[in-house]
Amino acid sequence: MHVQYVALCEQVILGNDGRPSLIGIFNDLQVGTIPFTLPRLALAARILFTADEVARKHNVEVVMTDPSGQEIGRPGGEIALPQMPTGLESVAVDLPLQFDLFQVTSAGRYTFLVHVDGAPTAGVQLNIRQA
């Protein structure tokens, strides 16, 4: 398994062909007041699974922590992968997660850590600064 990318953005749009478009990628925000509600926040990840990892289910979670390190959420679920088509070395799985009305309770670094089958595999951070 290999994580190709993890990004925070304003929105992820999936095309008719299944390809994601990431709109407004960011990792740093300056806000006027805290607490603050971020109207739109999305996490996009692409994970490549190899031939020995397909044809079974995998548990995927995003562990979210606030600047103090306290867990503030753990969205996730199972993904079921079919058999690998002949001639391919890996299968890409896109994971778009939308967090509308994300509550920012303090300045600092918010961490979004992607876990696959219980193991941390990749992460991204959102740094919040007060103006």
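Author: A contact is counted when heavy atoms lie within 4.5 Å. In this predicted model, among contacts between residues at least 6 apart in sequence, 66% join residues at least 24 apart.

Reader: What elements make up the protein along its sequence?

Author: Read along the sequence, the pattern is β-β-β-β-β-β-β-β-β-β-β-β-β, and the count is zero helices and 13 strands. Along its principal axes the C-alpha trace spans about 55 × 30 × 20 Å, and of the 131 residues 37% count as buried.

Reader: Which residues touch the most other members of the largest nonpolar core?

Author: That core has 32 residues, and V6, L41, L43, F49, F102, F112 and L126 touch the most other members. Strand 1 (2–9), strand 6 (42–50), strand 7 (57–65), strand 10 (90–98), strand 11 (102–104), strand 12 (108–116) and strand 13 (119–130) each supply at least two residues of this core. In soluble globular proteins, nonpolar side chains tend to be buried together.

Reader: What does F49 touch, not counting residues up to four places away in sequence?

Author: With those residues left out, F49 touches M1, V54, H58, I79, L81, M84, E89, S90, V91, V93 and V116.

Reader: Why is the pair of F99 and F112 called tilted?

Author: A pair of aromatic rings is described by the distance of the centres and the angle of the planes. Rings pair if their centres lie within 6.5 Å, and a pair is tilted when the planes are neither under 30 degrees nor over 60 degrees apart. The centres of F99 and F112 are 6.2 Å apart and their planes stand at 35°, so this pair is tilted. F99 lies in the loop between strand 10 and strand 11 and F112 in strand 12, so the pair ties together parts that are 13 residues apart in sequence.

Reader: How do you know that F102 and F112 form a tilted pair as well?

Author: The same reasoning applies, because the ring centres of F102 and F112 are 5.9 Å apart and the planes meet at 40°, which makes the pair tilted. F102 sits in strand 11 and F112 in strand 12, 10 residues apart, and the pair links distant parts of the chain. The structure holds three aromatic pairs, and F99, F102, Y110 and F112 form one aromatic cluster.

Reader: What makes F112 count as buried?

Author: Buried means under 20% relative accessible area. F112 has a relative accessibility of 1%, so F112 counts as buried. By this cut-off F102, at 7%, is buried, and F99, at 12%, counts as buried too.

Reader: Why does H115 count as buried?

Author: The relative accessibility of H115 is 13%, and because the cut-off for buried is under 20%, H115 falls into that class. H115 has its place in strand 12 and, not counting residues up to four places away in sequence, touches N59, V60, E61, V63, P120 and T121.

Reader: How do you know that T86 is exposed?

Author: Exposed means over 50% relative accessible area, and T86 has 85%, so T86 is exposed. T86 is found in the loop between strand 9 (76–80) and strand 10. T86 and A51 are 35 residues apart in sequence and 9.9 Å apart in space, C-alpha to C-alpha.

Reader: What sign does the phi of A55 have?

Author: Phi of A55 is near 65°, a positive value in a residue other than glycine. Most residues other than glycine have a negative phi, and most peptide bonds are trans. A55 is found in the loop between strand 6 and strand 7.

Reader: Why is A55 called partly exposed?

Author: Partly exposed is the class between under 20% and over 50%; A55 has a relative accessibility of 43%, so A55 counts as partly exposed. L101 has a phi near 60°, again a positive value in a residue other than glycine, and L101 is found in the loop between strand 10 and strand 11. At 58% relative accessibility L101 counts as exposed, because exposed means over 50%.

Reader: Which residues does a cis peptide bond join?

Author: The cis bond joins I34 and P35, with omega about 10°, and P35 has its place in the loop between strand 4 (28–31) and strand 5 (36–38).

Definitions and conventions
Residues numbered from 1 in each chain as written. Predicted model: local features only at pLDDT ≥ 70, side-chain atom pairs only at ≥ 80, totals over all residues. Heavy atoms only, no water. Core = buried A, V, L, I, M, F, W, Y, C linked by side-chain atoms within 4.5 Å. Buried < 20%, exposed > 50% of the residue type's maximum accessible area, 1.4 Å probe, protein only. Helix = DSSP H or I, 4+ residues; strand = E, 2+ residues; numbered from the N terminus. Phe/Tyr/Trp six-rings, centres within 6.5 Å; stacked < 30°, edge-to-face > 60°.
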